[in-house]
Amino acid sequence: MPIENRTLSLGPLGNNTYVLTCPVTRQTAIVDVGFEPEAVIDLVRREKLPVQWLLGTHAHYDHVAGMLAVQKAVGGVYALHPADRPLLATVKEQGSMFGFPPVDVPEIGHELADREIVKLGEQELEVIYTPGHAPGHVSFKHGDTIWVGDVLFRESVGRTDLPLCSWKDLVHSVRERLFCFGDDVRCLPGHGPITTIGHEREWNPFVGDGAIRR
């Protein structure tokens with residue numbers, strides 16, 4: 001049985017927070033809580049889900065601002081790639097740049113590594129290191145689904161004009177780390193609708209085959 005996925009679109013930037021649950025053990029991982037942590041907490045408590053992991057694709061304000069509130073309410077080990085520690089340390093400054101209130105963030109309880117297998121009950125998530133939008137950005141793959149954070153969107157990509165971003169790294173991450181998977185693999189992004197590897201390979205104006213040929 002595949003992992004159960006619940007998608008919550010939250011906050012002023014339309015962030016997608018994902019609640020992933022092993023269908024057998026009910027162990028749960030929560031991916032990227034930026035805004036409205038109470039919505040996540042309500043879901044977890046209503047369904048009595050044991051939270052094992054709080055997984056961060058990266059440490060921009062809108063993906064981490066609500067993590068500590070969730071952790072205090074329902075538990076879970078916060079996991080992040082160590083290359084994003086500098087971003088995590090500047091979350092308050094990030095928020096002030098865009099008029100958001102200061103927040104405290106959780107301590108990193110587990111450092112993610114490329115190709116690591118994260119156990120979730122009887123299920124597994126593979127960590128794929130996909131820097132560019134952030135130096136420690138990762139994606140999480142399970143079967144034919146990848147939670148891609150902000151590295152790839154439907155017919156778009158994450159911005160690279162922020163501190164510690166790299167356009168070169170982002171293109172490499174998408175072309176070499178994600179486009180190696182089959183066309184039918186679904187991509188669940190940090191903002192916006194689901195897409196597929198095949199759709200982005202053909203139609204993405206920034207990193208698709210047509211864009212690279214130009």
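In this predicted model, Glu155 is partly exposed, with a relative accessible area of 35%. The residue is found in the loop between β11 (152-153) and β12 (156-157). Its backbone deserves attention, since phi of Glu155 is near 55 degrees, a positive value in a residue other than glycine. Most residues other than glycine have a negative phi.

Asp32 offers a second case of this kind. Although Asp32 is not a glycine, it has a positive phi of about 60 degrees. Asp32 belongs to the loop between β3 and α1. With a relative accessible area of 3%, Asp32 is buried, whereas Glu155 is partly exposed. A positive phi also appears at Arg26, where the value is near 70 degrees. Arg26 sits in the hairpin of β2 and β3, which has six residues between the strands.

That hairpin leads into the pairing of β3. Strands of a sheet pair through backbone hydrogen bonds, either parallel or antiparallel. Strand β2 (residues 15-21) is joined to β3 by four bridges, and these two strands run antiparallel. Within this pairing, Thr21 stands opposite Thr28 in β3. Strand β3 is also joined by four bridges to strand β4 (residues 51-55), but here the strands run parallel. The bridge partner of Ala29 in β4 is Trp53.

The side chains of β3 can be followed in turn. In a regular strand the side chains alternate between the two faces of the sheet. Thr28 and Ile30 point one way from β3, while Ala29 and Val31 point the other way. All four of these residues are buried.

Beyond β3 (28-31), the loop that leads to α1 (37-46) also carries Phe35. A search of the whole structure finds three aromatic pairs. In one of them, the rings of Phe35 and Tyr61 have their centres 6.1 Å apart and their planes at 50 degrees, so the pair is tilted. Tyr61 lies in helix α2 (residues 61-64), so its pairing with Phe35 ties together parts that are 26 residues apart in sequence. Both Phe35 and Tyr61 are buried. Ring pairs link these two residues and Phe100 into a cluster.

The helix that follows this loop, α1, meets another helix. Two packed helices are described by the angle between their axes and the distance between the axes. The axes of α1 and helix α3 (residues 67-74) come within 9 Å and cross at roughly 25 degrees. The two helices, α1 and α3, are therefore roughly parallel to each other. The crossing in which α1 passes α3 is right-handed.

Another part of the structure is an open sheet of six strands, in the order β7-β8-β9-β10-β13-β14 and with mixed pairing. Strands β7 (117-120) and β14 (195-196) stand at the edges, each with a single partner strand, so one side of each is left without a neighbour in the sheet. At the β14 edge, strand β13 (residues 186-189) and β14 pair in the antiparallel sense over two bridges. Cys187 stands opposite Thr195 in β14.

A further contact involves a charged side chain and a ring. Arg201 lies over the face of Phe179, at 5.4 Å from the ring centre.

Terms used: Residues numbered from 1 in each chain as written. Predicted model: local features only at pLDDT ≥ 70, side-chain atom pairs only at ≥ 80, totals over all residues. Heavy atoms only, no water. Phe/Tyr/Trp six-rings, centres within 6.5 Å; stacked < 30°, edge-to-face > 60°. Buried < 20%, exposed > 50% of the residue type's maximum accessible area, 1.4 Å probe, protein only. Lys NZ or Arg CZ within 6 Å of the ring centre and 35° of its normal. Pairing = 2+ DSSP bridges. Axes fitted to C-alpha atoms, helices over the stretch in contact; angles between N-to-C directions. Parallel < 35°, antiparallel > 145°, perpendicular 65-115°, else oblique. Left-handed = near helix turned anticlockwise from the far one by under 90°.
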